[in-house]
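Reader: I would like a close look at a single part of this model, with the reasoning spelled out where a conclusion rests on a cut-off. Please take one helix and its surroundings, and go through them in a connected way.

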Amino acid sequence: MESIPVLIKEGGILPLSLDKGNSVNNPENMEINVYTGNGNYELYEDGAVESKDGVHFTNFESKSVVCGDKVKQILKISTKGDCSVIPSKRKFAVRFKDIFDGEVALYINDKLVGAEEVLTNCVALDIQVEPNNEYKVEVVYNKQTQMEELMEYAKKVLIFARAGTKPKEALLNQLYKA
């Protein structure tokens, strides 16, 4: 009842505003939901609300690379256009929605910088975004079988299910036995 199911294809990128209220302004705080696989998304923003003539594009490109028993999911973020139409203190909350555990590295203009992970139900980090910088986020995680992926998904569903702990544990144990 509190959420809306979203069907998204492999490699999908879904940017959402985290700003309070129902505004048409270009958001200062955004959540960037990234799903494993290859994909891209170009965010178009203009200054129509702020009475500015410029346009700004933020390109998100996601790529999945398999290296033996490890998988590397790479998100590249680049911008072009008139930076005056976007908020000067923009923050991206990047969420790799279907990666539950992995090592994260953040590069700004191809230079490795510290990445502070956020505690959540997926691999996540927050980035203070500066105009004209290029960002690359790499997540390395263990390759899973299809059954392991389904079990992780089932655990996630059970965590948010409206039931007591004992029924959830019983269901999870039955899944493990199956």
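Author: Helix H2 (165-177) is among the elements that cover the buried residues of helix H1 in this predicted model, and those buried residues are Met-151, Ala-154, Lys-156 and Leu-158. As for H1 itself, its 15 residues (residues 146-160) should span 21 Å at 1.5 Å a residue, and because its end C-alpha atoms are 22 Å apart, the expected and the computed span agree.

Turning to how the two helices are placed, H1 and H2 pack at an angle of about 170°, their axes lying 10 Å apart. H1 is therefore roughly antiparallel to H2, since angles over 145 degrees are counted that way. On the side of H1, the residues that make this contact are Met-151, Ala-154, Lys-155, Leu-158 and Ile-159, while H2 contributes Lys-168, Leu-171, Leu-172, Leu-175 and Tyr-176. Sorted by class, the contact of H1 with H2 comprises eight nonpolar residues and two charged ones, with no polar residues. Met-151, Ala-154 and Leu-158 are named among the buried residues of H1 and also among the residues through which H1 touches H2. Lys-156 is likewise one of the buried residues of H1, whereas the lysine that H1 brings to the contact with H2 is Lys-155.

Conventions
Residues numbered from 1 in each chain as written. Predicted model: local features only at pLDDT ≥ 70, side-chain atom pairs only at ≥ 80, totals over all residues. Heavy atoms only, no water. Helix = DSSP H or I, 4+ residues; strand = E, 2+ residues; numbered from the N terminus. Expected span 1.5 Å × (residues − 1). Buried < 20%, exposed > 50% of the residue type's maximum accessible area, 1.4 Å probe, protein only. Contact = heavy atoms within 4.5 Å. Axes fitted to C-alpha atoms, helices over the stretch in contact; angles between N-to-C directions. Parallel < 35°, antiparallel > 145°, perpendicular 65-115°, else oblique. Nonpolar A, V, L, I, M, F, W, Y, C, P; charged D, E, K, R; others polar.
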